[in-house]
Amino acid sequence: VYHCTTYMHDSQNRDYTDEMAQIEFDRLQDSGIKMVRTIFRSTWAGGTSSNFTGWNFETTEMQAVYRWALEMQERDIDIAINAGWHMQAYIDDTSWYIETPYLFGNGEDYYGESNGVDFTGLTAEEIRLKKASLRYGEWVSRALLAFRAHGVNNVKYVLTFTEPSYTSADKLEGYYADEWITLATGLHDTLVKNNLRSSVEIIGPNQGSITSGEGLLNYILTSPDFDRDVVDIYTAHFYPRGTTDLDDVYGDMCDTTFKSYTDTMAEFNMQDKKEFWCDEFYASSTQIALGSPNPWGGVNTCVGLVTAMKYKIQNTSLWQIFDQLWIDQTNTAGEFSNGIHVVGSAPSLLVSSIPKPQYYAVSLLGRYLGNNNGTVYPVEVPWAHGIYMNAVKREDGNWTVVVINVNLEPVSVQVSFDRAINSTLYRHVYDASEPKASTAAHLADPDRVFKNVQKTLYDTVPSGGVAVYTSCKF
């Protein structure tokens, strides 16, 4: 998660310089990240007035978005726009969380979005929400065309809101499950009508942070009112949280939850038809809050990442890579400090240029595990406690093997392949006891070379170690 607000002006003059922006962008690329998810506010093109006068995609805010997006494009990083943040604003018909009120479906259409739509049999509230869904789709459609017009061609995904439905005492699936179906369907239908559907993949339902697939994910897949092709990539969020970061519990937590997600997809024969992503993820503990400097938090997050790959989860997105200022906010509470969202792997450069320890662990995996069209091989770790592994043959033909040791002492390991890989492997090690954080944000260089590895590799991995063995030479 990395928001597109880098070049936006803050009312408190807490603005990034061009040099700061380039440092952060380069770190993003150095971490191997190939896709970022960003908040995308309707108010940047539609304002907050109830007197709607049309979408304007030439505002100062949108110019800042295009500038940021072009920087991502230059670095071969794709973008997922989070179209609408809190869906509750649409349902409750209130702009409490800053959405353009026109999207809530009241009054006459400005662009005739609902022309020809049959509202027979619908209540007034159902009609409003249907109109809202079509206006939502039209806003996204026009935004996609505006990106193209400004030379931005890397907006590849559209997320349908953030955590739109939690479980509750009143309704197991959450208050807004049916409403999400209406809004997501309106987005899909409008993109089809505007000949834009094939240009992006729709991501949803972005299920809230619960530990199974029994919430919104299960609900929409069982609903007779939901066309499963409305969504291209199914998603849920998960934040494993132990009592202490030194407990070896994160592998089991992730194993249980990720299995539940993929079992839900398999129950409906979706596992080979659609991708599944965990589009918010990070490990923490009750002792050290999410986003606080945490050497072992990076190790435990890496355990989750390799576990997700075991279950063929195609993308696991960090919440988040950097701390970021939410423009014009000054609140200090929960995850915020003076308006800065402090849940990242590195501080905002407004605060410090030295990344947190966990940055160096998760970035190693991001850089060397590759993305898209690689092959994840099944791994067995018999009789080994506190050791987690995975093996990947990347799209470029390079091999990467990850071995993580969460024991409190070094462990000697033997990595055996079922056939010769005929590769020289370079070892990069993150050590939780000495993460070596610095302004340079330099990831671990290779400290050992295993020449012409055939079927076996022997090594010792330090306590709290994330060892990456790769044939990549960068």
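This passage describes the overall form of the chain, two of its helices, and several residues with less common backbone geometry.

The structure is a predicted model, and its chain contains ten helices and 20 strands. For a chain of 474 residues, a compact globule would be expected to have a radius of gyration near 23 Å, and because the value computed for this chain is 23 Å, the two agree. Taken along the principal axes, the box filled by the C-alpha atoms is roughly 70 × 50 × 40 Å. Of the 474 residues, 58% count as buried, and among the contacts made at a separation of 6 or more, 74% are between residues 24 or more positions apart along the chain. The accessible surface amounts to about 19,800 Å², with carbon and sulfur atoms contributing 48% of this area. The chain carries 35 positive and 59 negative charges, and the mean positions of these two sets are 6 Å apart.

Helix α3 covers residues 60-74, and since each residue of a helix should add 1.5 Å, the 15 residues should span 21 Å, a figure that agrees with the 21 Å computed between its end C-alpha atoms. The buried residues of this helix are M62, A64, V65, Y66, W68, A69, E71 and M72. In an α-helix there are 3.6 residues a turn, so residues three or four places apart point the same way. The partners against which the buried residues of α3 pack include two strands, β1 (35-40) and β2 (78-83), together with the helices α1 (18-30), α2 (43-46) and α5 (124-149). After α3 comes D76, which has a positive phi near 60°.

Helix α5, one of the elements packed against α3, has 26 residues, which at 1.5 Å a residue should span 38 Å; its end C-alpha atoms are 37 Å apart, and the expected and computed spans therefore agree. Just after α5, a positive phi of about 80° is found at G151.

Further backbone features occur elsewhere in the chain. Most residues other than glycine have a negative phi, and most peptide bonds are trans. Against this background, N195 has a positive phi of about 55° although it is not a glycine. This residue is placed in the loop between α6 (177-193) and β4, and it counts as exposed because its relative accessibility is 67%, where the cut-off is over 50%. A positive phi, here near 50°, is also found at N422, again a residue other than glycine, and N422 lies in the loop that runs between β16 (411-416) and β17 (423-431).

Two peptide bonds are cis. The bond from G204 to P205 has an omega near 5°, and P205 belongs to strand β4, which is formed by residues 201-207. The bond that joins W319 and Q320 has an omega of about -5°, and Q320 is located in the loop between β9 (315-318) and β10 (324-325).

A last loop position is that of V351, which lies between β12 (340-341) and α10 (357-368). With a relative accessibility of 59%, V351 counts as exposed, because this value is over 50%. The C-alpha atom of V351 is separated by 21 Å from that of G297, a residue 54 positions away along the chain.

Terms used: Residues numbered from 1 in each chain as written. Predicted model: local features only at pLDDT ≥ 70, side-chain atom pairs only at ≥ 80, totals over all residues. Heavy atoms only, no water. Helix = DSSP H or I, 4+ residues; strand = E, 2+ residues; numbered from the N terminus. Rg over C-alpha atoms; globule rule 2.2 N^0.38 Å. Buried < 20%, exposed > 50% of the residue type's maximum accessible area, 1.4 Å probe, protein only. Contact = heavy atoms within 4.5 Å. Areas by Shrake-Rupley, 256 points an atom, 1.4 Å probe, with all protein chains shown as cover. Lys, Arg positive; Asp, Glu negative; His and termini not counted. Charge placed at Lys NZ, Arg CZ, Asp CG, Glu CD. Expected span 1.5 Å × (residues − 1).
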